[in-house]
Amino acid sequence: MERDEEIKRWTARRKSAMVMEIIQGTTTVAEASRQYDLQPSKIRDKGEIRP
């Protein structure tokens, strides 16, 4: 999933794609946090991902 500068809200599809990238190991919570300008705790909340 590439960062879309026009993302105004997170759809279920976008959330699940980001969570799947983390689960599959193609990105980390820290990388996703920087890429999507989200706090790591918010990313963990979306997918119940543990550090």
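The expected span of a helix is 1.5 Å times one less than its number of residues. Helices (H or I, at least four residues) are DSSP runs, numbered from the N terminus.

This is a predicted model, where local features need pLDDT of at least 70, side-chain atom pairs count only at pLDDT 80 or more, and totals for chains, interfaces and linings use all residues. Residues are numbered from 1 along each chain as its sequence is written, and side-chain values use heavy atoms, with hydrogens and water left out.

**Exercise 1.** Work out what span helix 1 should have, and compare it with the model.

Solution. Step one: helix 1 covers residues 12–24, which makes 13 residues. Step two: at 1.5 Å a residue, they should span 18 Å. Step three: the end C-alpha atoms are 18 Å apart, so the two agree.

**Exercise 2.** Find out which residues of helix 1 are buried and how they sit around the axis.

Solution. Start with the term: buried means under 20% relative accessible area, exposed over 50%, and partly exposed in between (1.4 Å probe, protein chains only). Met18, Val19, Glu21 and Ile22 are the buried ones in helix 1. They cover an arc of only 155 degrees around the axis, which puts them on the same side of helix 1; the arc is taken over the directions from the helix axis to the C-beta atoms. Now flip to the face turned away from that side: there you meet exposed Ala12, Arg13, Ile23 and Gln24. Right after the helix comes Gly25, with a positive phi near 85 degrees.

**Exercise 3.** Do the same for helix 2, then zoom in on Ser33.

Solution. Helix 2 runs over residues 29–36, and its buried residues are Val29, Ala32, Ser33 and Tyr36. Down the axis, these fall within an arc of 105 degrees, so they line one face of helix 2. Next, Ser33: its relative accessibility is 12%, so it counts as buried. Beyond its neighbours within four places in sequence, Ser33 is in contact (heavy atoms within 4.5 Å) with Leu38, Gln39, Pro40 and Ile43. Finally, a polar atom of the Ser33 side chain lies 2.4 Å from the backbone oxygen of Leu38.

**Exercise 4.** Is Asp37 buried or exposed, and where does it sit?

Solution. First, place it: Asp37 is in the loop between helix 2 and helix 3 (40–47). Second, check its backbone: phi is near 55 degrees, a positive value in a residue other than glycine. Third, its relative accessible area is 64%, so Asp37 is exposed.

Conventions. Helix = DSSP H or I, 4+ residues; strand = E, 2+ residues; numbered from the N terminus. Polar contact = N/O pair within 3.5 Å; in protein donor to acceptor, adjacent residues only side chain to side chain.
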